[in-house]
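Student: I would like to go through this model by question and answer. Please begin with the term that the burial values depend on.

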Amino acid sequence: MGAHDEIRAEVRKLCLNFPGAYWRELDRNAAYPQAFVKALGEGGWLAALIPEEYGGSGLPLSAAAAILEEVQRAGCNGAACHAQMYIMGTLLRHGTEAQKQMYLPHIASGALRLQAFGVTEPSSGTDTTALKTTAVRDGDEYVVNGQKIWTSRAEHSDLMLLLARTTPREQTARKTEGLSVFLVDMRKVKGLTIRPIRTMMNHATTEVFFADMRIPASALVGEEGKGFRYILSGMNAERILIAAECIGDAKWFTEKSVGYAKERMVFGRPIGQNQGVQFPIAKAYARLRAAELMVVQAAALYENGEDCGAEANMAKMLAAEASWEAAEACVQTHGGFGFAEEYDVERKFRETRLYQVAPISTNMILSYLAEHVLGLPRSY
Ligand SMILES: Cc1cc2nc3c(=O)[nH]c(=O)nc-3n(C[C@H](O)[C@H](O)[C@H](O)COP(=O)(O)OP(=O)(O)OC[C@H]3O[C@@H](n4cnc5c(N)ncnc54)[C@H](O)[C@@H]3O)c2cc1C
C-alpha cells in the first residue's frame, strides 16, 4: 500500500522508540504497553478516524490502515490499542450529538480510553445473537447482568462498548432484534468484575462479570433493540484495519527472513542461496502482495461509501493467511534461532496466529462468502 507515505514515515519514527527489547520485556511479564499506547495517543494516531469537529484528524480509513500496518511492520503490536479506532465508529454513527460531544473530544485527546469491546460470551461464542447478558430498564437506569469473555484491554480502558439483550429472544420476531449497545463508563459503575486471562501471547484480554451493574439510561447508543445492526455496521472497518495489521506482520516476517537468509552462513554459503530456503519466503511474499491488493480495494470501496462486505472479509482472511505463511517461513528460515526470544520471531509468530481466530474466525468468513456472495444455502 503505497499511499499515505508521510503518515507511514511518522509512525515508523515513533515505533523506533519501542524496539524488540521493549516488547520482549512486556511479553515476559504479561504487561500492557502503556508507554507505547500513550505515545500513539499523544501523537494523535489513535484519533485518526475521529472527525476534526470532535478533535480528531478526520483521516480516511486507508490512513488508519496505514498506521496499523506500519505499527506491525515495525515489530510492535497494535492489538494493544487498535480497538479504539473501530469501536469509536459505533458511537460516531449511532450516538446522539450529546454523547459525541461528551466523549469523542476526550477520546481524541487521549484523556479517555475506549478500548474495551464486550461482545463475545462464553456460551454463545461466534453465535453472537445467542448472547445471554441482559440489560433491563429500571427507571432512568439499566441493570446489567451476565458475563463476557475475551474482553480485551478492559483493565486498560475507561469505557466499554457493550452489547446486551434488552428484549428476551422469545419476544422478538428475529434473533437479531432485541440487542442493544451501551457505552459503559467503567470508572463509575458498581457490580463489574474483571479477571485477566493468560493467553499464548501478551494480549491483556479478560473475562468480565456484571452483577446488577447499574448504568444510566443515557448510556444507550442509538435505539434500543437495534444494537446488533449497529455492531455489524462497524465490522467492515474492523476487518480492513485488522487485515492491514496482518499485512504489516507479513512484511515484518518477510524482511526478517530475507535479512537472516542473506547473513546466516552454513556449508560455507548464505542459507538464502538455497532454493529450499528462498521459495517459502518468495511464496509467502507473493501471497502477501495479493492480499494487500484486496485490502487496498476493500478500503477504496469503503471510502467511496460502496458495499465492501465481500472485499473486507476476503481481505481479512487472505491477509491473516498471508501473515501466518510468512511467519511460518520466518521460523523455518531462522532454524533454531526462530525459537529464541531475542529474535522476536517466536513472539510475532504467536501474536499473528490470533488473526485467524479473532476478531472473526476464518470459517465465519468462508461461510459469509459462500452464503451471501455465492448464494449457497445457509448452514446456520
Ligand atoms: C486473544 C483474543 C482477544 C479477543 N478479543 C475480543 C474482544 O475484545 N471482544 C470480544 O467481544 N471478543 C473478543 N475475542 C473473541 C473472538 O472474537 C472469538 O474468540 C471468536 O469470535 C471465536 O469465538 P469462540 O472463541 O467462542 O469460538 P467458537 O464460536 O466456539 O468457535 C470455535 C471454532 O468453531 C468454528 N465454528 C463455529 N461455528 C461454526 C460454523 N457454523 N461453521 C463453521 N465453523 C464454525 C469457529 O470458526 C472456530 O474455529 C477475542 C478472542 C481472543 C482469543
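Tutor: A residue counts as buried under 20% relative accessible area and as exposed over 50%, with partly exposed in between. The model discussed here is predicted.

Student: Is Glu-292 buried or exposed, and at what relative accessible area?

Tutor: The cut-off for buried is under 20% relative accessible area. Glu-292 falls in the buried class, its relative accessible area being 7%.

Student: Which residue meets the side chain of Glu-292 in a salt bridge?

Tutor: Glu-292 belongs to helix 9 (residues 275-303), and its partner sits 41 residues apart in helix 8, so the pair links distant parts of the chain. The partner also counts as buried, at 12% relative accessibility. The N to O distance is 2.6 Å, and the residue is Lys-251.

Student: Which residues are joined with Lys-251 and Glu-292 into one network of salt bridges?

Tutor: The structure holds 28 salt bridges. Some of them share partners, and one network formed in this way contains Lys-251 and Glu-292 together with Arg-8, Arg-12, Glu-69, Glu-70 and Arg-289.

Student: How far apart are the closest N and O atoms of Glu-70 and Arg-12?

Tutor: Glu-70 is in helix 4 (residues 61-73) and Arg-12 in helix 1 (residues 5-15), so their salt bridge ties together parts that are 58 residues apart in sequence. Glu-70 is buried, with a relative accessible area of 1%, whereas Arg-12 is partly exposed at 40%. The closest N and O atoms of the pair are separated by 2.9 Å.

Student: How many residues apart in sequence are Arg-350 and Asp-27?

Tutor: The side chains of Arg-350 and Asp-27 form a salt bridge, 2.8 Å from N to O. Both residues are buried. Arg-350 lies in helix 11 (residues 345-353) and Asp-27 in helix 2 (residues 20-29), so the salt bridge ties together parts whose separation in sequence is 323 residues.

Student: Which helix gives the largest share of the largest nonpolar core?

Tutor: That core has 87 residues, and Phe-36, Ile-107 and Leu-241 touch the most other members. Leu-241 has contacts beyond four places in sequence with Leu-49, Leu-61, Ala-64, Ala-65, Leu-68, Met-85 and Tyr-86. The largest share of the core is 12 residues, from helix 8 (residues 235-263).

Student: How many residues are in the second, separate core?

Tutor: Among the members of the second core are Ala-164, Val-208, Ala-217 and Leu-220. This core is separate, and its size is 19 residues.

Student: Why is strand 5 described as largely enclosed by the rest of the structure?

Tutor: In a regular strand the side chains alternate between the two faces of the sheet. In strand 5, Leu-179, Val-181, Leu-183 and Asp-185 point one way and Ser-180, Phe-182 and Val-184 the other way, and all are buried. Strand 5 (residues 179-185) is therefore largely enclosed, the buried count being 7 of the 7 residues.

Student: Which residue of strand 8 is the bridge partner of Val-181?

Tutor: Strand 5 runs antiparallel to strand 4 (residues 159-165), joined by 7 bridges, and Leu-161 stands opposite Leu-183 there. Strand 5 also pairs with strand 8 (residues 220-221) in the antiparallel sense, over 2 bridges. In strand 8, Val-181 has as its bridge partner Val-221.

Student: Which residue takes a positive phi in the hairpin of strand 2 and strand 3?

Tutor: Strand 2 (residues 134-138) is antiparallel to strand 3 (residues 141-149), with 5 bridges, and Asp-138 is paired with Glu-141. The hairpin has 2 residues between the strands, and the positive phi, near 65°, belongs to Gly-139.

Student: Which residue in strand 7 is the bridge partner of Val-144?

Tutor: Strand 3 and strand 7 (residues 205-216) run antiparallel and are joined by 8 bridges. On strand 7, the partner of Val-144 is Met-213.

Student: What is the relative accessible area of Leu-374?

Tutor: Leu-374 lies in the segment after helix 12 (362-373). With Val-373 and Leu-376, Leu-374 forms a nonpolar surface patch of about 290 Å² accessible area together. Leu-374 is exposed, and its relative accessible area is 62%.

Definitions and conventions. Residues are numbered from 1 along each chain as its sequence is written. This is a predicted model: local features need pLDDT of at least 70, side-chain atom pairs count only at pLDDT 80 or more; totals for chains, interfaces and linings use all residues. Side-chain values use heavy atoms; hydrogens and water are left out. Buried means under 20% relative accessible area, exposed over 50%, partly exposed in between (1.4 Å probe, protein chains only). Helices (H or I, at least four residues) and strands (E, at least two) are DSSP runs, numbered from the N terminus. Two strands pair if DSSP finds at least two bridges between them. Patches are made of residues with over 30% relative accessible area and no salt bridge: like charges are joined within 9 Å, nonpolar side chains (Val, Leu, Ile, Met, Phe, Trp, Tyr) within 5 Å. Accessible areas come from the Shrake-Rupley method with a 1.4 Å probe; for residues, only the protein chains shown count as cover. A salt bridge is a side-chain nitrogen of Lys or Arg within 4 Å of a carboxyl oxygen of Asp or Glu. A nonpolar core is a set of buried Ala, Val, Leu, Ile, Met, Phe, Trp, Tyr and Cys residues joined through side-chain atoms within 4.5 Å. Contact means heavy atoms within 4.5 Å.
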